[in-house]
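This report goes through one protein chain, beginning with a single residue and its backbone and then widening to strands, sheet and overall dimensions. Please keep the sequence and the structure at hand while reading.

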Amino acid sequence: GTDSGSATTLTVAPVLALNRVAASTEARWALGNNGDEANIEGNLKVLAAGDTDITARVSATAASAGVSQSGAAKALSFAVSMARNAISNTVVAEVLDDADGLTNRPALRVDGDVEIKATRESAINAQGLATAIAIAASASGSGLAISGAGALGFNRINGATRAVLSGVSLSGGGDLRVEARDRSRIEARLRATAASVAIGLGSGSSPAAALGLALARNEIGQSQRADVSADYTLADTPSTLSSGNTVRITKGPLRGGVYEYLGKDIDSPVLANQNFEDRSLWQRVDLQSAEADLSATMTRSTVDMSGSLTVSAEARSLIDAEVAATSVAIGASSGTGIAVAVGGAVSLNLINRDVFSLINHSNQILASDISIKSENVSTLDSRTGAAAISGALGNTGVAISVGLALAFNEVNT
């Protein structure tokens with residue numbers, strides 16, 4: 001706005017996206033009563049496949065400008081974009097005895113090959129952008145410019161992939177394959193940019209402040225337990241913090257987590273100042289692997305196959321995160337110029353997979369070759385950067401700039 005007196009502008013631009021996919025895919029042959037028989041002249045295929053994807057692009061832009069000829073000029077701008085994406089997808093392929101198969105298993109005769117296969121593919125592609133620009137200029141008064149910007153992304157993939165042969169007496173003339181395959185991928189790109197310019201040609205001060213924040217939290221194969229209690233929250237003031245005490249995080253990027261203290265006793269601790277990502281002092285206790293995750297199993301069965309027997313589970317997990325924040329502030333005045341710029345980027349990434357192949361309680365197995373294989377390949381690529389630039393011009397100039405980039409990456413297999 002322009003005014004011969006004063007000018008004040010305010011701009012706000014929040015954007016919020018909440019996306020959730022919950023799916024279940026099952027292929028099942030449940031043989032009936034004990035002693036049942038089934039004969040197949042060709043091949044038997046029990047195949048289950050699930051493919052789920054979320055693509056989210058959120059963008060928030062705020063721009064404000066205040067221009068005054070003689071009075072004070074003020075410009076305030078604020079921009080936030082946030083996306084929360086979650087996939088829970090379960091895929092199961094199984095051939096089993098629907099009754100108690102321990103005493104008299106159902107008989108299944110297949111002349112050809114037997115394939116029991118579960119395949120799951122899950123992907124989240126999230127992009128977030130926040131831009132805030134504030135400009136205040138006064139020809140004879142003071143200028144005040146405050147900018148903002150925040151790009152937040154929370155992405156999670158959970159679920160299970162299971163291939164099962166259980167409680168069946170199986171014979172055949174070909175190969176037997178019990179296979180589970182999983183592909184989970186999260187790609188997150190978050191950028192926050194804040195710019196603030198304050199110009200005042202009068203004798204007063206012209207402060208400019210800009211803040212840029214980008215935060216990403218990505219998890220694969222992890223779920224949070226609701227039954228975990230905590231001794232304290234961040235707001236509590238215990239007289240002593242002892243090993244084994246637990247703290248629930250109530251704010252910030254780690255919000256919702258419960259952490260157990262592992263160090264020596266601390267008198268009158270300030271819980272809000274603790275570094276909960278220090279693995280030598282704290283461990284998180286409210287997370288667990290999601291469901292059974294990935295498994296290929298043959299249990300309580302007898303097998304007589306002319307060909308080979310393969311029980312295989314294979315997982316491929318990828319988190320590719322790029323988080324960046326930039327802040328620029330310039331304050332210019334004939335009196336005092338003040339510029340404060342803060343840029344912060346935080347990336348928290350976790351992969352936790354349980355992968356196993358199993359033959360259990362199967363007392364008779366005949367095959368030309370037997371292979372039991374588990375493979376777990378987890379890749380985490382995290383790039384985090386923050387930049388802050390400030391400049392102050394005047395008879396007295398004060399410029400402060402802070403750039404902070406944090407990345408916490410963990411792979412548990």
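R300 counts as partly exposed, because its relative accessibility is 22%, and the cut-off for buried is under 20%. This residue belongs to a model that is predicted. R300 is found in the loop that links β21 (294–299) to β22 (302–305), and its phi is near 50°, a positive value in a residue other than glycine.

A149 also has a positive phi, here of about 120°, although A149 is not a glycine. Its place is in the loop between β8 (143–146) and β9 (150–166). With a relative accessibility of 7%, A149 counts as buried, since that value falls under the 20% limit.

K117, by contrast, is placed in a strand, namely β7 (residues 114–138). At 26% relative accessibility K117 counts as partly exposed. Leaving aside residues up to four places away in sequence, K117 touches V46, L47, A48, A93, E179 and R181. L262 is 145 residues apart from K117 in sequence, and the C-alpha atoms of the two are 43 Å apart in space.

How is strand β5 (residues 73–97) placed with respect to the rest of the structure? Of its 25 residues, 18 are buried, so β5 is largely enclosed by the rest of the structure. Strand β5 is joined by bridges to β2 (residues 7–31), to β8 and to β9. Strands of a sheet pair through backbone hydrogen bonds, in either a parallel or an antiparallel manner. The table sets out these pairings of β5, each with one pair of residues that stand opposite each other.

| Strand joined to β5 | Bridges | Direction | Residue pair |
|---|---|---|---|
| β2 (residues 7–31) | 25 bridges | parallel | L16 in β2 and M82 in β5 |
| β8 | Four bridges | parallel | K74 in β5 and L144 in β8 |
| β9 | 17 bridges | parallel | A83 in β5 and G153 in β9 |

Elsewhere in the chain, four strands form an open sheet, in the order β14-β16-β17-β19, and the pairing within this sheet is mixed. Its edge strands are β14 (232–233) and β19 (282–284), each of which pairs on one side only. Strand β17 (residues 258–261) and β19 run antiparallel and are joined by three bridges, and E260 stands opposite Q283 in β19.

Taken as a whole, the chain has 28 strands and zero helices. Its C-alpha atoms fill a box of roughly 95 × 50 × 30 Å along the principal axes. The radius of gyration of the chain is 30 Å, whereas a compact globule of 413 residues would have one near 22 Å. Among the contacts between residues at least 6 apart in sequence, 83% join residues that are at least 24 apart.

As for the surface, 46% of the 413 residues of the chain count as buried. The chain exposes about 17800 Å², and carbon and sulfur atoms supply 49% of that area. How many positive and negative side chains does the chain have? There are 31 positive and 40 negative ones, and the centres of the two sets lie 7 Å apart.

Technical notes. Residues are numbered from 1 along each chain as its sequence is written. This is a predicted model: local features need pLDDT of at least 70, side-chain atom pairs count only at pLDDT 80 or more; totals for chains, interfaces and linings use all residues. Side-chain values use heavy atoms; hydrogens and water are left out. Two strands pair if DSSP finds at least two bridges between them. Helices (H or I, at least four residues) and strands (E, at least two) are DSSP runs, numbered from the N terminus. The radius of gyration is taken over C-alpha atoms; the globule rule is 2.2 Å times the number of residues to the power 0.38. Buried means under 20% relative accessible area, exposed over 50%, partly exposed in between (1.4 Å probe, protein chains only). Contact means heavy atoms within 4.5 Å. Accessible areas come from the Shrake-Rupley method with a 1.4 Å probe; for residues, only the protein chains shown count as cover. Lys and Arg count as positive and Asp and Glu as negative; His and the chain ends are not counted. The place of a charge is taken as NZ of Lys, CZ of Arg, CG of Asp or CD of Glu.
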